[in-house]
Amino acid sequence: MSFRPKNSEVTGFQLALLRQVPKNRYISAEEVRQKLSQGGIERSLRTIQRNLDQLSEQFDIERDMRTKPYGYKWKVNAKGIDLPILSEQQSLVLILAEQHLKHLLPANIMQSMKPFFEHAHRQLEQDSNQSKKLARQWLSDKIASTPTSMPLIPAKINTEVFNAVSIALYQNHWLKIEYRNQHNRISKSNVMPLAIAQQGATTYLIVRYEGYENNRLLALHRIQKAECSTMTFNRPNDFNLTDYLDSGYLGFGTTGNKVRLTFSISQSAGFHLTETPLSKDQKILEQSEEHYRIQATVAENDMLDWWIRRFGEDIWDIEKNVI
C-alpha cells in the first residue's frame, strides 16, 4: 500500500514551492530543493519537478524549456504569492528583528523566516520615488541593532532535530534523544520537553528526564538525534517558564536563591542603572556627585558574579543577603 499525503500537506508543500519561485530570474528545481531543505522540508528532486510543472500550468509561472534543467520564474506582470501587506511600522519591526536575530539563530532556522524578512524589505522599497528614498534612509541611516557583548557565531542545529523538538514541544509529546555533553559523552534518554530559551548565541531546551522531577537545560546543538514519540504527557503544573527564568537558571551555575544585593558604584559606571534597573524593586539608597548606593533583588548565580567583577574598582561595599 503506497503512502498518500493529506490534501493539507500537499497544499502546504505547494505554497512553500511557490514562495521559492523568484520574479527576476529563473530558478532550477535543484535550487528549489536545496532552499526547501534548508528550511526543513525534504522532498525528492523528481517530486519538486513534477509539482513545479503542475503549478506553472495553474499560475503565472514562466517555464524555460530551452535547456535542461528547466528554469522557473514568475511572469513579468504576475502578482505571485505574497504575504499580507505590512505597514511601515510592521516592516520596521521585522527588519529590526532580522538584524538582531542574524547573530543569534543558526542559518538554517533564519532561512525559514526569509520570506517574511524579504517582504518587509520590499514593502519599504515600493511605489513612488519619494517612498523609495524614505525606505533607503530608513534601512541605511535610521535603524540599527547592535549586541551588548562580543557577538558569537551560533552553533549549527540539526534541522531534523529542531523539527522533532518543535513538534514534541508544541504537542506535549515525549522526546527520544541522543545527547552529547561537553565531555563528548553520548547518552540516550526519554525527556519531557517543557520550553525553549535562548541566551546569546546558544539555544537551550528545558526538559525533565523520565523518572525525575527536576528540570534540566540541554544545549540544542548538542542533541545529535531526536525522535518525537507518539506518547503524550500532561504538562507539569509546577513548571512556569517565567518563574524558571526569574530564578536565574540561565545564569549558568545557580543556587536557586534570590538575594538582596546592595552595593556602591561610581556614578560614571552606574548611571545606566538609573535608566535600566537590575530589578523591579531596585532602590537608590544614596546618591552623590561621586557614586550611587543601590539595592535590588536578583538571582544568585555565576552571571551575577561576572557582572560584579567587570566593574573592578568602580564597585565596592557589596552585600548579598539570601531572601
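Where is Pro69 found? In this predicted model, Pro69 sits in the loop that links strand S2 (61–64) and strand S3 (71–74). The peptide bond leading from Lys68 into Pro69 is cis, and its omega is near 0°.

Backbone geometry deserves attention at further positions. Most residues other than glycine have a negative phi, and most peptide bonds are trans. The table lists residues or bonds that depart from this pattern.

| Site | Backbone value | Location |
|---|---|---|
| Lys68 to Pro69 | cis, omega near 0° | Pro69: loop between strand S2 (61–64) and strand S3 (71–74) |
| Asn184 | phi near 70° | loop between strand S4 (173–180) and strand S5 (186–199) |
| Asp317 | phi about 50° | strand S12 (residues 315–322) |

Asn184 has a relative accessible area of 56%, and because exposed means over 50%, Asn184 is exposed.

Asp317, a residue of strand S12 with a positive phi although it is not a glycine, also takes part in a polar contact. Its backbone oxygen lies 2.8 Å from a polar side-chain atom of Arg293.

Arg293 itself belongs to strand S11 (residues 291–301). The relative accessibility of Arg293 is 10%, so Arg293 counts as buried, the cut-off being under 20%. When neighbours within four places in sequence are left aside, the contacts of Arg293 comprise Thr262, Phe263, Ser264, Lys283, Ile284, Leu285, Glu286, Trp316, Asp317 and Glu319. Asp317 thus appears both in this contact list and as the residue whose backbone oxygen lies 2.8 Å from the Arg293 side chain.

Methods: Residues numbered from 1 in each chain as written. Predicted model: local features only at pLDDT ≥ 70, side-chain atom pairs only at ≥ 80, totals over all residues. Heavy atoms only, no water. Helix = DSSP H or I, 4+ residues; strand = E, 2+ residues; numbered from the N terminus. Buried < 20%, exposed > 50% of the residue type's maximum accessible area, 1.4 Å probe, protein only. Polar contact = N/O pair within 3.5 Å; in protein donor to acceptor, adjacent residues only side chain to side chain. Contact = heavy atoms within 4.5 Å.
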